Amino acid sequence: MTEFKGIIAQITFLYYHELEPVIPFYEQILGLERVEDQGWAKIYRVQGDAYLGIVAGEKGLHVPRPENAVLVTLVVNDAAQWYAKLKGADVEILGELENREEIGIRCFFLKDPGGYMLEVQQFLRPEQIQVFGS
């Protein structure tokens with residue numbers, strides 16, 4: 001009998017009508033490393049064993065929708081630095097950089113070129129930083 005190994009990585013897949021306008025956003029603007037190119041699907045390393053995949057809707061399991069109930073949160077060390085970087089890259093930012101003291105985060109929201117919402121978040125409390133990194 002083979003030993004049960006458990007989960008070794010995580011990939012979140014997002015589905016788009018067109019991949020070409022989305023690729024530069026994830027590669028050049030966010031600076032994610034493309035680790036797999038399957039033609040109609042591309043997978044990027046976010047950090048460690050967490051990945052984000054972008055998929056051409058006509059080939060993937062799901063079809064793109066006008067509005068998606070998905071929020072991809074990218075945890076960073078300095079949300080203010082990311083806010084300035086993305087503001088300068090002509091990215092659609094949704095609101096201002098804000099501190100949410102009640103949950104111990106600094107964050108802002110944006111949309112990628114395909115309409116998916118992303119959050120850039122920095123944990124502020126030492127116990128959170130211990131779990132999610134600094």
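Here are legends for four close-up views of this predicted model.

**View 1. Four strands line up in an open sheet.**
Reading across the sheet, you meet the strands in the order β1-β4-β3-β2, and their pairing is mixed. Strands β1 (10-16) and β2 (33-37) sit at the edges with a single partner strand each, so one side of each has no neighbour in the sheet. The strands aren't perfectly lined up either: ignoring direction, neighbouring ones are turned by 25° against each other on average.

**View 2. Here's how β2 pairs with β3.**
Strand β3 covers residues 41-47, and it pairs with β2 in the antiparallel sense over four bridges. To spot one residue pair, find R34 and look across to its bridge partner in β3, Y44.

**View 3. I11 is a residue of strand β1.**
Is I11 buried or partly exposed? It counts as partly exposed, because its relative accessible area is 39% and buried would mean under 20%. Leaving out neighbours within four places in sequence, I11 is in contact with I43, Y51 and G53. Look for A50 too: it is 39 residues away from I11 along the chain, yet their C-alpha atoms are separated by 6.0 Å.

**View 4. Helix α2 has a buried side and a capped end.**
In α2 (residues 79-87), the residues A79, Y83 and L86 are buried. They cover an arc of only 75° around the axis, so they end up on the same side of the helix. Among the elements covering these buried residues are α1 (23-29), β6 (92-100), β7 (105-111) and β8 (117-123). At the N-terminal end of α2, D78 acts as a cap: one of its side-chain oxygens lies 3.2 Å from the backbone nitrogen of A80.

Notes: Residues numbered from 1 in each chain as written. Predicted model: local features only at pLDDT ≥ 70, side-chain atom pairs only at ≥ 80, totals over all residues. Heavy atoms only, no water. Pairing = 2+ DSSP bridges. Helix = DSSP H or I, 4+ residues; strand = E, 2+ residues; numbered from the N terminus. Axes fitted to C-alpha atoms, helices over the stretch in contact; angles between N-to-C directions. Buried < 20%, exposed > 50% of the residue type's maximum accessible area, 1.4 Å probe, protein only. Arc of directions from axis to C-beta. Contact = heavy atoms within 4.5 Å. Polar contact = N/O pair within 3.5 Å; in protein donor to acceptor, adjacent residues only side chain to side chain.
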